[in-house]
Structure formats: C-alpha cells, structure tokens
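Colleague: Please take one part of this model for a close look, and then follow the chain outward from it. I am new to this, so go one step at a time.

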Amino acid sequence: MLDSLYEAALGDAAVREAQTPLAEVLVQAAAQPPARDAYAALNTGDHIHVIAEVKRASPSRGDLAAIPDAALLAETYAANGASVISVLTERTRFKGSLDDLRVVRERVHVPVLRKDFIATEYQIVEARAAGADLVLLIVAGLTEHQLRALRELAESLGMHALVETHNDDEVRAAVASGARIIGVNARDLTDFAEDPSRFSALAAQIPDDVVKVAESAVRTVDDVRGYRAAGADAVLVGQALVTGDPAELLPQFIGV
C-alpha cells in the first residue's frame, strides 16, 4: 500500500513538473511570505496542541466527508484552537489537492502542513510555493540520505518537517536526521492496522527538545488523555474532526 501511494504521488508530481519546471516553482516559492514557525506553534504553553486535518477520504476508511470548502473548515479549526492545520494534498486515495492547501493558507493565520507522500525536491519546493509552513516526511518511504536532504531543503526554505515514524529503527533514523518535530503513527502503513500503544513505546527515544506528535487513533478525549500522559506535545486528528463537530471536539481535546 505504501509503495502504491508513493507511486501515485510521484507520478502526479512528475506531471506537474513537466508543466511547471522546478526553476519556475523556485521563483514562486521565493515570492511567498515567510513561513510561519510550526515548531514554536507546537511547543508553547502547557496544554496539548492539535494538528487538525482537512481530510476527505483515506485508503483504510474510504470517503469520510465531502468538504466542499476546505478553507471554511480550516477557519473553524483555527477559531477553535487548532495550532496547525494539516491539508491532505494526495489526489488518488485521499481526494486532496494543492489547491486545497492554497485556499487554506489564504484564510488562516496558523501554520499549515502539507501532508502527502513526499520524496523529491520538487514536492518540497512546490509545497512552499503553495504556502506550506510544514511538510510531512515519512521515514518508511525514504532512505536516510533522502530524509536528511529533504528535511534540510525544507528548512532552507523556512519550513519545518514533521518526520513520521512507526518503529524503533525509524525513530532512531528520525533523530539522527536532525528532525525537530517527530510523529509516531499508530497506523501501520503496510496493512493500516492501528496500535495506539506504539506512541508510548517509542516516545521515550525522542529527545526532550523535539516536539512529539501522536498520529492516528485519536477519536475521543480519553485517546488524547492517553497520548498526553505518554508524553505527546501534540496530536494529529483527522477522521474525528471531519465526521464530528470540530467546534465541540477541539476545545475538549485541547483542554486535556
């Protein structure tokens, strides 16, 4: 599954690059206002932070919500305390787009994460050109060289990288790469099974000065409470918010 997701994402990126070469996208990226500081946004205050996701569908759950106006949903998230807005830009399985990212960036004043299957320089630069402040890098889909090079490129453009892990080896690779924001995904990307205990098993290996993000299996206040007790600085929430009432759920989650 992970291989097919990367194949589709990289195929789409290659089409975009053929239409708009890297040199042109670099000019667009340079013309953007400075990126917002996602590390600071997730590392201030004594409460847990929420990365709230604009997510229409997923490979494991199928269609979740139509979301005709991504920017309006993002505004609701920001108004109810979300520290970062995550926007799925993968087209084939998640029904997202870079246009979603662009309109969200125009309407909210908190950092915006481009969540996609990123493995090339072009995808990093186009993320900044579309207004992203943060990009997702998945250790399972990258070599150690790619991980470090892409993180450094993102930071050279003013962004941060959320480096996603799933096991001991991936956490070690993320830390060795110099990542300052590390996520532990409770969902296994090979079979999409969830194991919420994965975060508590791996969090201790992440240095104290690194923002720790618990990803997936966040549906209730008790889920957030469990992740917070295990050391999470932030939780990434998608399905619960797009299928529920974000104006009600976000204050409850942040209140933990």
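Modeller: Start with Pro33, which is exposed because its relative accessible area is 53% and the cut-off for exposed is over 50%. Keep in mind throughout that the model is predicted. Pro33 sits in the loop between α2 and α3 (38–41). That gives two ways to go on: back into helix α2, or across space to another part of the chain.

Take the helix. Helix α2 covers residues 22–30, and in it Leu22, Val25 and Ala29 are buried. Looking down the axis of α2, these buried residues fall within an arc of 60°, so they line one face of the helix. The reason lies in how a helix turns: an α-helix has 3.6 residues a turn, so residues three or four places apart point the same way. On the other side of α2, Ala23, Val27 and Ala30 are exposed. As for what the buried residues of α2 face, they pack against α1 and α6.

Now go across space. Pro33 and Arg128 are 95 residues apart in sequence, while their C-alpha atoms are 9.7 Å apart. Arg128 is buried, since its relative accessible area is 3% and buried means under 20%. The side chain of Arg128 meets that of Asp133 in a salt bridge, with 3.9 Å from N to O. The general idea is simple: side chains of opposite charge can pair when their charged atoms come close. Asp133 has a relative accessibility of 0%, so Asp133 counts as buried.

Asp133 has another salt bridge, with Arg105, at 2.3 Å from N to O. This pair joins distant parts of the chain: Asp133 is in the loop between α6 (121–129) and β6 (134–138), Arg105 is in helix α5 (residues 98–107), and 28 residues separate them. Asp133 and Arg105 are both buried.

These bridges are part of a longer list, as the model has 18 salt bridges. Some of the residues involved form a network of such bridges: Arg16, Arg114, Asp116 and Glu126. Three names from that network, Arg16, Arg114 and Asp116, come up again in the lining of the largest pocket. Other residues of this lining include Ala9, Asp12, Thr89, Glu90 and Leu98. The pocket has a volume of about 160 Å³. Helix α1 (residues 2–19) gives the largest share of the lining, 3 residues. This is the α1 that the buried residues of α2 pack against. By type, the pocket lining divides into 6 charged, 3 polar and 2 nonpolar residues.

A closed space comes next. The model has 1 cavity of 30 Å³ or more, and the largest cavity holds about 350 Å³ of space. It is lined by 29 residues, of which Glu53, Lys55, Lys115, Arg187 and Ser216 are the closest to its centre. Strand β6 appeared above at the end of the loop that holds Asp133; β6, β10 (234–237) and α11 (239–243) each supply at least two lining residues of this cavity. The lining consists of 14 nonpolar, 9 charged and 6 polar residues.

Two of the residues closest to the cavity centre, Glu53 and Lys115, also pair with each other. Their side chains meet in a salt bridge of 3.2 Å, N to O. Here too the partners come from distant parts of the chain, with Lys115 in strand β5 (residues 112–115) and Glu53 in strand β1 (residues 49–54), 62 residues apart. Lys115 has a relative accessible area of 14%, so Lys115 is buried. Glu53, with a value of 1%, is therefore buried as well.

Strand β1 leads back to a loop for a final stop. Asn43 is in the loop between α3 and β1. Asn43 is partly exposed because its relative accessible area is 40%, which lies between the limits for buried (under 20%) and exposed (over 50%). Leaving out residues up to four places away in sequence, Asn43 touches His49 and Val211. Its C-alpha atom is 25 Å from that of Arg102, a residue 59 places away along the chain. For Pro33 and Arg128, by contrast, the sequence gap is 95 residues and the distance in space is 9.7 Å.

Conventions. Residues numbered from 1 in each chain as written. Predicted model: local features only at pLDDT ≥ 70, side-chain atom pairs only at ≥ 80, totals over all residues. Heavy atoms only, no water. 1 Å grid on protein atoms, 1.4 Å probe; cavity = no way out; pocket = protein on both sides within 12 Å on 5 of 7 lines; lining within 4 Å. Points joined across faces, edges and corners; volume = space filled by probe spheres on them. Helix = DSSP H or I, 4+ residues; strand = E, 2+ residues; numbered from the N terminus. Nonpolar A, V, L, I, M, F, W, Y, C, P; charged D, E, K, R; others polar. Salt bridge = Lys/Arg side-chain N within 4 Å of Asp/Glu carboxyl O. Buried < 20%, exposed > 50% of the residue type's maximum accessible area, 1.4 Å probe, protein only. Arc of directions from axis to C-beta. Contact = heavy atoms within 4.5 Å.
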